[in-house]
There are 2 protein chains.
Amino acid sequence: MILDKVNFPKDLKNLTIDEMNTLSDEMRCLIIKKVNVTGGHMGPNLGIIEATIAMHYVFNSPVDKFVFDVSHQCYPHKILTGRKEGFTDPDKYLKYTGYTAPEESEYDIFKVGHTSTSVSLATGLAKARDLKNEKYNVVALIGDGSLSGGEAFEGFDNAADLNSNIIVVVNDNDMSIAENHGGLYRNLKLLKETKGKAECNYFKSLGFDYLYVEDGNNIEQLINAFKQVKDIDHPVVVHIHTIKGHGLPVAEEQKEAFHWILPGTLDEVTEAKEFVEDYNSVTNEFIMKKAKEDSSLIVINPATPGVHGFSPEFRKKLGKQYTDVGIAEEHAIAYSSALAKAGAKPILAIMTSFVQRTYDQLSQDLCLNNSPLTMLVYWGGLSNGDATHLGSFDIPLISNIPNMVYLAPTNKEEYLAMLEYSYSQNERPVAIRVPNIPLESTGVKDDTDYSILNKFKVVKRGKKVAILGLGNFLNLAKDVSSEIKTKLDIDATLINPVYMTGLDEELLDSLKKDHDIVITLEDGILDGGFGEKIARYYGNSDMKVLNFGGKKEFTDRVPIEELYTRYHLTKELILDDVKKIL
Amino acid sequence: MILDKVNFPKDLKNLTIDEMNTLSDEMRCLIIKKVNVTGGHMGPNLGIIEATIAMHYVFNSPVDKFVFDVSHQCYPHKILTGRKEGFTDPDKYLKYTGYTAPEESEYDIFKVGHTSTSVSLATGLAKARDLKNEKYNVVALIGDGSLSGGEAFEGFDNAADLNSNIIVVVNDNDMSIAENHGGLYRNLKLLKETKGKAECNYFKSLGFDYLYVEDGNNIEQLINAFKQVKDIDHPVVVHIHTIKGHGLPVAEEQKEAFHWILPGTLDEVTEAKEFVEDYNSVTNEFIMKKAKEDSSLIVINPATPGVHGFSPEFRKKLGKQYTDVGIAEEHAIAYSSALAKAGAKPILAIMTSFVQRTYDQLSQDLCLNNSPLTMLVYWGGLSNGDATHLGSFDIPLISNIPNMVYLAPTNKEEYLAMLEYSYSQNERPVAIRVPNIPLESTGVKDDTDYSILNKFKVVKRGKKVAILGLGNFLNLAKDVSSEIKTKLDIDATLINPVYMTGLDEELLDSLKKDHDIVITLEDGILDGGFGEKIARYYGNSDMKVLNFGGKKEFTDRVPIEELYTRYHLTKELILDDVKKIL
C-alpha cells in the first residue's frame with residue numbers, strides 16, 4: 001500500500017503520478033468503507049480525492065493555508081494530514097469530526113460547517129499575510145452549490161481588491177446537494193462547454209484571473225494547474241470539473257442520494273421500506289392537497305430537499321409550484337415575502353441551523369412588511385450534532401423579531417391545524433417549529449383557533465406547581481408532572497404554551513392565586529428564549545420561576561443524554577430543583 | 001409649472017420630452033429645497049429624477065410593480081405618486097417617510113431601508129405573477145453600492161431561473177455611499193468604457209439579458225431603453241450611467257458628503273467648526289495611535305465610514321490598514337475573523353441595524369472559531385428613527401451567541417479601557433456597544449481588568465433596591481436612584497453591569513441578603529435582552545425583578561420622549577412601578 005508510507009503532506013512529495021493514482025484508489029476504498037459504517041458525506045469526498053492529493057503535492061501546507069468551504073469534503077485532507085487512523089481503524093472512526101477542526105490539527109484553520117464562507121475567510125488570511133509582510137499561498141476550495149450563497153459572492157468581490165495571492169479552487173461537480181439552480185450555474189456550464197474559453201465569465205467579471213481544468217479527477221492535470229498558480233501575485237480561480245461520487249458507480253449515478261448517507265446504505269437490500277407516517281409525510285401530504293386546490297401555492301426551499309422529504313417525485317409533481325433557490329437563504333426569505341405580498345401562497349421549508357443565515361431578511365424583508373409567509377423550521381432542538389449544525393438557537397433568533405408568530409406544535413393534529421391556520425390567513429408571517437420527535441397523533445381533529453394569538457393551552461389544571469412544556473418538551477412536562485404527583489403528591493398544572501412569540505397574560509395572572517412555582521421547559525438554549533419571558537413577567541410577583549433548557553454554548557457531538565443531564569432536563573433532576581424551593 | 005398638472009403617473013403620459021425635462025428641473029428644485037430643510041438623502045435622489053420620470057412614463061404603475069432598493073432614492077417617485085405636497089408644502093415636509101411605505105401609497109409595495117433586497121423581492125413578485133397567470137412588468141431599481149451585498153447576488157442568480165419578465169435597472173453612479181469597492185465595480189467600469197459592449201459582463205454571466213444607457217440622466221435615452229424592455233419575456237438588466245447629485249454642483253463634486261445631509265447643509269457658512277470630543281474622535285485617535293505601533297492593525301467597515309467619523313483623510317492615513325468591504329456585512333465578519341486568525345489585529349466598525357445582516361457569520365465564522373476580533377457597534381439604543389434603521393435589537397441578537405463578549409461602556413475612560421483590553425487580548429471576539437449619548441469623562445484612567453469576565457461594577461452600595469443601569473442607561477439609573485432616595489428615603493444600590501453576555505452571579509447572590517427589588521434598565525427591546533437574564537437568575541428566589549426597556553415592536557419615527565413614556569423609561573414612571581411592589 002502506498003498509503004502505508006503516507007501520513008503527512010511531505011510524504012507525497014516524492015511520489016510519482018502513478019503512485020499518487022494508486023494512493024487515490026486506496027483512499028477511495030477507505031472512505032467508502034468508513035462512510036458506509038458511520039454515515040456521512042460520501043459523494044463530495046469521493047469527488048475531491050485527486051484534487052486534495054494534488055493540492056498537498058504542489059502546495060506546502062500548513063505554511064500555505066487551505067480553507068475548505070462547508071468542509072464536508074475534507075476527508076481526503078484528513079487522511080493526508082496525520083489523521084489516517086480515523087479511516088483505517090474502525091475503533092477510531094468517530095475520533096475525528098466530519099468537518100475541519102483546528103483542535104485536531106494545525107492543517108485545519110477554521111471550524112466550518114455552513115456554506116459559502118471560504119472565499120471570505122481566505123481573503124482575510126491573505127490580507128493578514130500581506131499586512132504582516134509574510135509570504136504564503138492561500139487556497140480556498142469551494143463547490144457543491146456553495147457559490148450561490150451571497151457570502152461567497154461578497155468574498156469574491158472583495159478579494160479582487162487584494163491584488164495579491166489568493167487561489168480559489170472551484171470544485172464544479174454539476175451539483176449542489178441536489179441539482180444546481182440559478183443563472184450562475186448556466187455560466188459554469190458554458191465555461192465547461194468552451195473548456196474555459198468563454199469570454200462571459202462570472203469569475204473574471206469579479207476581477208479574478210481564471211484557469212480551467214477539464215478533468216478534475218486527473219491528478220496530473222490538477223498538478224499542472226496548481227503549479228501554474230502557485231505563488232501567483234493576484235486572485236485566481238482554478239475551475240476544476242469533477243465527478244461527484246467519483247469511483248463509486250452508485251454514488252455517481254445517484255448523486256443527490258449519495259451526497260450524505262446513513263450508515264449501512266451500501267449494504268441495504270433494496271426492498272420497499274414500510275411506510276411510517278412522520279412530520280415530513282404529513283407536511284408533504286398537506287402541501288400536495290393544497291397545491292392542487294390553489295395554483296398559487298408555492299414551496300420554497302434553500303437546497304435542502306432531502307431534509308424535508310421533498311423527493312424528486314414530489315418536486316416534479318409540484319413543478320413550477322416548487323422553487324429550490326439554491327443555497328441562498330437570504331434570498332429565500334425576501335423572495336418568499338414578495339411572493340406573499342403579490343398574492344401567492346408561499347410555504348418555506350428551512351433547517352434551524354440555516355435560518356441563522358437570514359436574520360435581517362426575516363426582520364426587514366418579511367416581518368416589517370408583515371407578509372403572510374408560512375415558514376416551516378426543521379430540526380429545532382438540542383441534539384448530539386456537530387457544533388456547526390446545532391438547532392438550539394432558533395427560539396432566541398426568531399421569536400424576538402416583532403410581528404413574527406412562532407408556533408410550537410406537539411402532535412400531528414395540532415401541527416396540521418397550525419399549518420391550515422397559517423396557510424389560510426393573510427395577516428402576518430407565521431413560523432412553525434416542526435417537531436423533531438417521533439410523530440404522535442391524538443386521532444382527534446384540532447379545532448383551536450390559532451388566530452387568537454398567544455393563547456396557551458391548559459392540558460390539565462392543578463395547583464401549586466405549573467409546568468409549561470414547549471413543543472418537543474411537552475412530553476417531558478408530562479413526565480415531570482407525574483413525578484411531582486408521585487413524589488410530592490402535588491397535582492401540577494400542565495400547560496402547552498403553543499406560542500413562542502408572546503405570553504398568555506390572562507392565564508399567567510390566573511396562576512398567581514393558587515400556584516407558587518412555574519416551571520418552563522424548552523428544547524433550545526435558555527438565553528433569549530421562551531422561559532426568560534415568563535421569568536420577566538412574574539418578576540414583580542411572588543411566583544417562583546424555574547427555567548429549564550440548554551446553556552448558551554456550542555456543543556460538539558455530545559450525546560443527547562449527557563446534555564439532558566448537564567441541563568437538568570430529566571424528571572428526576574427537575575424534581576430535585578423544585579424540592580429546593582418548596 | 002409643469003408640476004402643477006402632475007400628481008400621478010397618468011399625468012405624465014401626454015407630456016413631451018421637453019416638458020419632462022422641465023418637470024425634472026422643477027422636481028430637482030423641490031428636492032434640493034426640502035432636503036436642505038429636513039436633511040435626508042440628497043445625492044441619490046438628484047441622480048435618479050430623470051429615470052423615475054421615464055419609468056413612470058413608460059410603465060404603468062401601480063399595475064406594473066416598482067421595487068426600490070434601499071428606497072432612499074424614492075423622493076422623485078413620491079412626488080409623482082400623489083405625495084407632491086410632502087415636497088411643496090413645508091408644513092408637510094415630514095408627513096411622508098424618506099423610504100417607500102405601503103401605508104402611504106399603493107405605488108409603494110415594500111417598506112425597505114436596508115440594501116441589496118430589491119432583486120430578490122422583485123423575483124418573488126414576478127414568480128407570484130406567473131403562478132397566478134397575471135401579466136405585468138416587475139421593475140427593480142438598484143444602485144449606490146447595493147450590488148455588493150450578497151442578497152442582491154442571490155436575487156440575480158435565482159431570477160435567471162424565472163424565464164419571464166423581470167427588469168432590473170442598475171443605477172450606476174460610480175459610487176456607493178463612499179467610493180465603490182470590489183471586483184464587480186471594475187466590471188461596471190469596463191462596461192461603461194465599452195458602452196456596454198464588453199463580453200465579460202457580470203449580469204450576463206448570471207443569465208440576464210443586458211442593455212446599456214450611456215446617459216442615465218437623459219430622459220429620451222431612458223424612455224427608449226425602457227420601451228425596449230417593457231413587456232420583455234425574460235430577465236434583463238438596464239444599466240444606466242447616472243451622475244450622483246446631478247444638477248447640484250456641490251453634490252456632484254462632494255458625492256460622499258452629499259449622499260445624506262443634515263438640515264441646513266447648503267446654508268452653512270464654511271468655517272472651521274470647533275472641535276468637540278466625542279466617541280468617534282476618541283475611537284479614531286485610539287486607532288491611529290495603535291496603527292502606528294502595529295502595522296497589522298486593520299480597520300474594517302462595510303460602507304458606512306461617515307457614521308464612524310472615518311473621514312477621507314483618516315482612511316488615507318490608514319492606507320492598506322483600512323478595508324471598506326463595500327456593503328457586504330457577511331463578508332465583513334468572516335473576513336475579520338480570518339484576519340484575526342492569521343495574526344492581524346482587526347477592528348470592525350458597524351452600525352447596529354446592519355449587524356442584523358450577519359448573525360450566522362457572527363455565530364459560525366467568528367464565535368465558533370473564537371477569533372479575537374474587536375467589533376465596535378454604533379448607534380445601539382432606542383431612537384426616533386425609521387422602522388428600517390432601529391438600533392434596539394442588537395442586545396438579543398449579539399448577546400445570545402456563545403463565546404461572544406458584548407460590553408456596554410458608560411464613559412470615555414471605560415470605553416478606552418475596554419478598547420485596550422479587546423485589542424490586546426487574543427482569546428475571543430469582543431463587541432463594544434459604542435455609547436450613542438454625548439461623551440462623558442471621569443478624568444480618571446479606568447484600570448479595570450476586563451479580562452475577568454462578567455464582573456459587574458458596583459457604583460454605590462445601598463440596600464433594599466438595586467438598580468442595574470446598562471450602558472447608555474446608567475445615567476437614568478442614577479436619576480432613579482436619586483428619585484428613590486428623595487421620595488422613598490431608600491439608599492439604592494447602583495450597578496453598572498458592563499457585560500451584556502453574562503451575569504455576575506456572586507454579586508447577584510450577595511444582593512439577596514439585603515435587597516428586595518432589582519431593577520434593570522436597558523436601551524433596547526426587553527425580549528431576549530439583558531434584563532430577562534436577571535429575571536431568570538432570580539426566578540427561584542424571593543427577589544423581585546423589574547425589567548425596563550423597549551417593547552418588541554417596530555417603531556417608526558416616534559419621538560424618543562414618547563417612547564420613554566410608553567416604556568416607563570423615566571424616573572417618575574419607574575418609581576411608580578417600584579411603589580406598586582414595595
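This report walks through a predicted model, from its overall confidence and build to a few local spots in chains A and B.

## Confidence

Let's start with how far the prediction trusts itself. Chain A averages a pLDDT of 96, and 99% of its residues score at least 70. For the model as a whole, ipTM is 0.96 and pTM is 0.96. As a general caution, coordinates should not be read in detail where pLDDT is low.

## Overall build of chain A

Chain A folds into 23 helices and 18 strands. Its C-alpha trace spans about 80 × 55 × 50 Å along the principal axes. The radius of gyration is 26 Å, which agrees with a compact globule, because 582 residues packed that way would come out near 25 Å.

The burial and contact numbers fill in that picture. Of the 582 residues in chain A, 68% are buried. Take the contacts between residues at least 6 apart in sequence, and 77% of them join residues at least 24 apart.

As for the outside, chain A has an accessible surface of about 19800 Å², and carbon and sulfur atoms account for 50% of that. On the charge side, there are 63 positive and 84 negative side chains, with the centres of the two sets sitting 2 Å apart.

## Helix α8 and what covers it

Helix α8 of chain A runs over residues 183–193. Which of its residues are buried? They are A:G183, A:L184, A:Y185, A:N187, A:L188, A:L191 and A:K192. In general, an α-helix has 3.6 residues a turn, so residues three or four places apart point the same way.

The cover over these buried residues comes from both chains. From chain A it includes the strands β4 (166–172), β5 (209–213) and β6 (235–241), along with helix α9 (202–205). Chain B chips in with α7 (150–159) and its own α9 (202–205).

## On either side of α8

Ahead of the helix, A:H181 lies in the loop between β4 and α8 of chain A. Is A:H181 buried or exposed? A:H181 is buried, because its relative accessible area of 18% falls under the 20% cut-off. Setting aside neighbours within four places in sequence, A:H181 touches A:D324 and A:G326 in its own chain, plus B:D157 and B:D161 across in chain B.

Just after α8 comes A:K195, in the loop between α8 and α9 of chain A. Its phi is positive, near 50°, even though the residue is not a glycine.

## Backbone oddities

Most residues other than glycine have a negative phi, and most peptide bonds are trans. Besides A:K195, A:N163 goes against the phi part, with a positive value of about 55° and no glycine to excuse it. A:N163 sits in the loop between α7 (150–159) and β4 of chain A, and counts as exposed because its relative accessibility is 54%.

There are cis peptide bonds too. One joins A:S61 and A:P62, with omega about 10°, and A:P62 is in the loop between α3 (49–58) and β2 (65–68) of chain A. Chain B has a cis bond between B:S61 and B:P62, also with omega about 10°, and B:P62 lies in the loop between α3 (49–58) and β2 (65–68) of that chain.

## An exposed spot in chain B

B:N14 belongs to the segment before α1 (17–38) of chain B. With a relative accessible area of 73%, B:N14 is exposed. B:N14 and B:G381 are 367 residues apart along the chain, and 49 Å separates their C-alpha atoms.

Key
Residues numbered from 1 in each chain as written. Chains lettered and ligands numbered in written order. Heavy atoms only, no water. Helix = DSSP H or I, 4+ residues; strand = E, 2+ residues; numbered from the N terminus. Rg over C-alpha atoms; globule rule 2.2 N^0.38 Å. Buried < 20%, exposed > 50% of the residue type's maximum accessible area, 1.4 Å probe, protein only. Contact = heavy atoms within 4.5 Å. Areas by Shrake-Rupley, 256 points an atom, 1.4 Å probe, with all protein chains shown as cover. Lys, Arg positive; Asp, Glu negative; His and termini not counted. Charge placed at Lys NZ, Arg CZ, Asp CG, Glu CD. pLDDT = per-residue confidence, 0-100.
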